[in-house]
Amino acid sequence: MRVMLKAHLDTKVSNETLRSGRLPEIMRSLMEALDPEAAYFGPCEGGRACTIVFDMQDSSALPAITEPLFQDLGAKIEIQPVMTREDLEKGLAALQ
């Protein structure tokens with residue numbers, strides 16, 4: 001299932017992780033694990049944030065995906081199912 005993960009990183013915690021040199025390593029590991037179709041990084045609500053769209057095969061993957069963000073970056077995370085335009089068209093066609 002295609003999902004969108006939004007992570008708002010705690011500024012103090014992510015500053016410490018950045019200073020230690022671990023932030024690039026954490027993000028690289030996350031990108032390798034998720035193989036996202038899209039990933040965006042930038043400021044949000046006055047802090048660091050990322051939005052990542054990827055295919056989650058099974059909900060049991062959630063702990064492996066989210067725990068590094070929680071533990072290493074103090075992130076607040078939202079994950080929600082999303083559709084492409086084609087998915088929406090297919091879903092709406094099924095209503096008829």
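1. Which residue follows helix 1 with a positive phi? Gly21 comes after helix 1, and the phi of this glycine is positive, near 85°. Helices here are DSSP runs of H or I of at least four residues, strands are DSSP runs of E of at least two, and both are numbered from the N terminus.

2. A word on the basis of these remarks: the model is predicted, so that local features need pLDDT of at least 70 and side-chain atom pairs count only at pLDDT 80 or more, while totals for chains, interfaces and linings use all residues. Residues are numbered from 1 along each chain as its sequence is written, and side-chain values use heavy atoms, with hydrogens and water left out.

3. On the overall layout, the chain contains 4 helices and 4 strands, which follow one another along the sequence in the pattern β-α-α-β-β-α-β-α. Taken along the principal axes, the C-alpha atoms fill a box of roughly 55 × 30 × 15 Å. Of the 96 residues, 27% count as buried, where buried means under 20% relative accessible area, exposed means over 50%, and partly exposed lies in between, with a 1.4 Å probe and protein chains only.

4. Strand 3 (residues 47-55) pairs with strand 1 (residues 2-8) in the antiparallel sense over 7 bridges, and strand 2 (residues 38-44) also runs antiparallel to strand 3, joined to it by 7 bridges. Two strands are said to pair if DSSP finds at least two bridges between them. For orientation in the viewer, Ala7 has Cys50 as its bridge partner in strand 3, and Pro43 stands opposite Arg48 in that strand.

5. Strand 2 and strand 3 form a hairpin with 2 residues between them. Glu45 lies in this loop and has a positive phi of about 50° although it is not a glycine. Most residues other than glycine have a negative phi, and a reader checking the backbone may therefore wish to look at such positions. Glu45 is exposed, with a relative accessible area of 73%.

6. A second non-glycine residue with positive phi is Asp35, at about 45°, and this residue belongs to the loop between helix 2 and strand 2. Asp35 is likewise exposed, its relative accessible area being 64%.

7. Helix 1 (residues 11-19) has a side-chain contact at its start, where a side-chain oxygen of Asp10 reaches to within 3.2 Å of the backbone nitrogen of Lys12. Farther along, Thr17 sits in helix 1 and is buried at 5% relative accessible area, and its side chain reaches the backbone oxygen of Val13 at 3.0 Å. A polar contact is a pair of N or O atoms within 3.5 Å; within protein, one atom must be able to donate a hydrogen and the other to accept it, and residues adjacent in sequence count only if both atoms are side-chain atoms. As background, an α-helix has 3.6 residues a turn, so residues three or four places apart point the same way.

8. Why is no disulfide counted between Cys44 and Cys50? The sulfur of Cys44 is 10 Å from the closest cysteine sulfur, that of Cys50, which is too far for a bond, given that a disulfide is a pair of cysteine sulfur atoms within 2.5 Å. The count accordingly comes to 0 disulfides. As to their surroundings, Cys44 is partly exposed at 31% relative accessibility, whereas Cys50 is buried at 2%. Cys50 belongs to strand 3, and its C-alpha atom is separated by 9.9 Å from that of Met27, 23 residues apart along the chain.

9. The largest pocket holds about 180 Å³ of space. A pocket is found on a 1 Å grid over the protein atoms alone, as an open set of points where a 1.4 Å probe fits, with protein on both sides within 12 Å along at least five of seven lines, and lining residues have an atom within 4 Å of a point. Grid points are joined across faces, edges and corners, and the volume is the space filled by probe spheres set on the points.

10. Helix 2 (23-34) and helix 3 (62-73) each supply at least two residues of the lining of this pocket. Among the lining residues are Ile26, Leu30, Leu34, Ile65, Leu69 and Asp72. The lining divides into 9 nonpolar, 1 polar and 1 charged residue, where Ala, Val, Leu, Ile, Met, Phe, Trp, Tyr, Cys and Pro count as nonpolar, Asp, Glu, Lys and Arg as charged, and the others, Gly among them, as polar.
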